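The following report walks through a protein model, beginning with its nonpolar interior and then turning to a sheet and the helices that lie against it.

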Amino acid sequence: MTAIKHALQRDIFTPNDERLLSIVNVCKAGKKKRNCFLCATVTTERPVQVNVVKVKKSDKGDFYKRQTAWALRDLAVVDAKDAVKENPEFDLHFDKVYKWVASSTVEKHTFISCIWKLNQRYLRKKIDFVNVSSQLLEESVPSGENQSVAGGDEEAVDEYQELNAREEQDIEIMMEGCEYAISNAEAFAEKLSRELQVLDGANIQSIMASEKQVNILMKLLDEALKEVDQIELKLSSYEEMLQSVKEQMDQISESNHLIHLSNTNNVKLLSEIEFLVNHMDLAKGHIKALQEGDLTSSRGIEACTNAADALLQCMNVALRPGHDMLHAVKQQQQRFSDLREQFARRLASHLNSVFVQQGHDQSSTLAQHSVELTLPNHHPFHRDLLRYAKLMEWLKNTEYGKYEGLTKNYMDYLSRLYEREIKDFFEVAKIKMTGTTREGKKFATLPRKESAVKQETESLHGSSGKLTGSTSSLNKLSVQSSGNRRSQSSSLLDMGNMSASDLDVADRTKFDKIFEQVLSELEPLCLAEQDFISKFFKLQQHQSMSGTTTTETEEMDGVTFSRSYPSGVPQAITSEKDMIRQMMTKIFRCIEPELNNLIALGDKIDSFNSLYMLVKMSHHVWTAQNVDPASFLSTTLGNVLVTVKRNFDKCISNQMKQMDEVKISKKSKVGILPFVAEFEEFAALAESIFKNAERRGDLDKAYIKLIRAVFISVEKVANESQKTPRDVVMMENFHHIFATLSRLKISCLEAEKKEAKQKYTDHLQSYVIYSLGQPLEKLNHFFEGVEARVAQGIREEEVSYQLAFNKQELRKVIKEYPGKEVKKGLDNLYKKVDKHLCEEENLLQVVWHSMQDEFIRQYKHFEGLIARCYPGSGITMEFTIQDILDYCSSIAQSH
């Protein structure tokens, strides 16, 4: 153990300026035995530091390394486990309990004794020595007070002293003088022993010779020891005083810490109090405004608004943790709550009174609008109420129940007011529609016009392409219905079994003006009310322009609606927009049924009014959807547009139905069929109405349906006609259709225009060929026989040798058709054609010219056969082509 102790001192503690005082070989209790050493050390420099160091052998070699060190002042308990029995286990209580097992009980006791000495010497700290033999501790106590642990330390140090340089040099000289020292250690040791005895004897003699000096030296040493004891007593007293000073300094330090902590807490407390006072203190002026503020004047409303905002700020202040536990804070919050409830109740009561009063005042102004087609202006009402908009927002954020009650009351009062105004307004519109005509006659049975009436041009559109006016007129039709046609069929436009009247297009213009006026009055009324609702009740009206939008389309009865929704729209915004629509729907619940009634009346007066209504309504729907596709106005007008579109489709269907039901007289010529003329009137009227209109596609679809029905019905009538040849019916009517489509230039009917022209041309040619027939019948039969012989293989120049077709027979047949007879036959033919054709279409000269051309073609054909089959015979017709032209011209002029 001594060798290990020396090795540890040299390798580990000497480089760290430490002295190793005690060592014990231990291992941890209860674990796999891995031996290490616990060392008690002190530093060589002052102030002295006492440590307990754990040293263990390195795994990679035979050297030792320092592993852990604990300061002895941190040692609280030394537990020897058993003070009577031999037990190698002991515990050291530092920051935690370390359990050790010593290699021997002696080493354990020696180490614990050293710890007790060090504690007494350097620390004077109360370390508990538990289960340690009192005898062991007593043995460690020095006999005199002046003798301390230092003696033990010196003994421990004396156990091993290193050689100095001089001693090492003397030993080397000695060993060089004794060469045999290395080979014979015993001889060398004996020699050293003899020399040491000689040296000791010399020393004793020298000491005995200087006994007096020794006595003096001893006396001096005794005095020095006394002085040392006195110094140690003074040092001890100084140390005790320093310990007292240290305790006082510790108390002062702790007191300073408490003062600093108190100051910090005071600063924090002041900050919290200032926060509560600054954020939860409502000015007396605000309190007075909330309790007694005038809600009728602008200045009073502004003061109440500012006070309400200040109250809301105080109530919404973000309290810090623990504030809500303070009694004063609870009292202030309760006071704020009472003020809020009191002011909300007073505000709601006042606004309800304003709603009632405004509704009453507005009702008194209805009389002045009863004779005019205008709706009362609610702008003054809105202007007065908008002064309370900020207070409504405050009410919405603080007392939503009262806000909701005000919303309901507003809808109740205003819906009744608007219902009276709108019903009176529509009543005036109906009176103007069904009132006195320009001739001063009342509508008794609401009759409508006949098709063939004067039409004036209609101005419906401005330069921008939008509907700007409501005055309309029609161009005068070029086609006049004949008396026979009027008597043969009922008017297709005479819907609902209404009788014909003297009304003209000006009545339709008047309806158009009235309908446009109705929509023009309703639209700003709804938009103004919706804008007011969104501002007054603080509802989100318009979607944010940022971000993408999603557009959904819906089609109903051929009417397409679009709805736009922003991607990712917040639920609050969507619900507020829904609330606006719900409020508008309740307030204006009578608009849609009143509009539908007005539309039904207009359709009853004249089914063609559905054209005007479709264009007007489509434009207003288009305008409303551009502003807000999901608004009440857009939705309501869209629903009404569906009704208008249904009436328009019904008008087209009824026309097609009446075409199918047309009956013609068996005794009169057909002429231009009534539905053909009426299609012309419909197309002319529709083109003037739908010029640049948004719903042009609906008209184009109707055109296709009507024109196909017209074609089918013309064919049907032509097949059933007995008085007039089929080709004449087809020719005249398709010519009229072609002329109409060419004049109106309807782009979607280009194919039908070409088809009408083709049918007209085909049936004209068919009628000419059929009617003209063979005016030179015998000559025709003769040359048919000639062509038959040639077809059988006889050469053309040899046909004259045939008995039945010789030159003499040809001359005989030609003599039967002198010019006078030919002219007579043509005159009869002209009269026949004149009976077939009607005057309205004026195709007689066209047909007659075509017959003239056909007759000349036959003439040239006969001349060609004579020239080829009877060459050099000199045989010619009794009349020439010029004669034919003269005959035809003379006949046409005479008739």
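In this predicted model, the largest nonpolar core comprises 170 residues, and those with the most contacts inside it are Leu 385, Tyr 410, Val 518, Phe 588, Phe 690, Leu 779 and Val 847. Helix α13, which spans residues 400–434, gives the most to this core, contributing 13 residues. The core also draws at least three residues from each of domain 3 (393–436 + 504–539 + 574–660) and domain 4 (774–894). Separate from it is a second core of 32 residues, which includes Val 24, Phe 94, Phe 111 and Leu 137. In soluble globular proteins, nonpolar side chains tend to be buried together.

An open sheet is built from 8 strands, arranged in the order β4-β3-β2-β1-β7-β6-β5-β8 with mixed pairing. Strands β4 (64–71) and β8 (128–130) stand at the edges and have a single partner strand each, so one side of each is left without a neighbour in the sheet. On average, and with direction ignored, neighbouring strands of this sheet are turned by 30° against each other. Strand β3 (residues 50–57) pairs with β4 in the antiparallel sense over 7 bridges, and Lys 56 stands opposite Lys 65 in β4.

Two helices are set against this sheet, as the table shows.

| Helix | Residues | Strands met | Angle to β1 |
|---|---|---|---|
| α1 | 2–13 | lies across β1 (18–28), β2 (36–43), β3 and β4 | about 115° |
| α2 | 105–123 | touches β1, β2, β3, β5 (77–79), β6 (89–93), β7 (97–102) and β8 | about 140° |

Conventions
Residues are numbered from 1 along each chain as its sequence is written. This is a predicted model: local features need pLDDT of at least 70, side-chain atom pairs count only at pLDDT 80 or more; totals for chains, interfaces and linings use all residues. Side-chain values use heavy atoms; hydrogens and water are left out. Two strands pair if DSSP finds at least two bridges between them. Helices (H or I, at least four residues) and strands (E, at least two) are DSSP runs, numbered from the N terminus. Axes are lines fitted to C-alpha atoms, for helices over the stretch in contact, and angles run from 0 to 180 degrees between N-to-C directions. Contact means heavy atoms within 4.5 Å. A nonpolar core is a set of buried Ala, Val, Leu, Ile, Met, Phe, Trp, Tyr and Cys residues joined through side-chain atoms within 4.5 Å. Buried means under 20% relative accessible area, exposed over 50%, partly exposed in between (1.4 Å probe, protein chains only). Domain bounds come from an automatic or database domain assignment.
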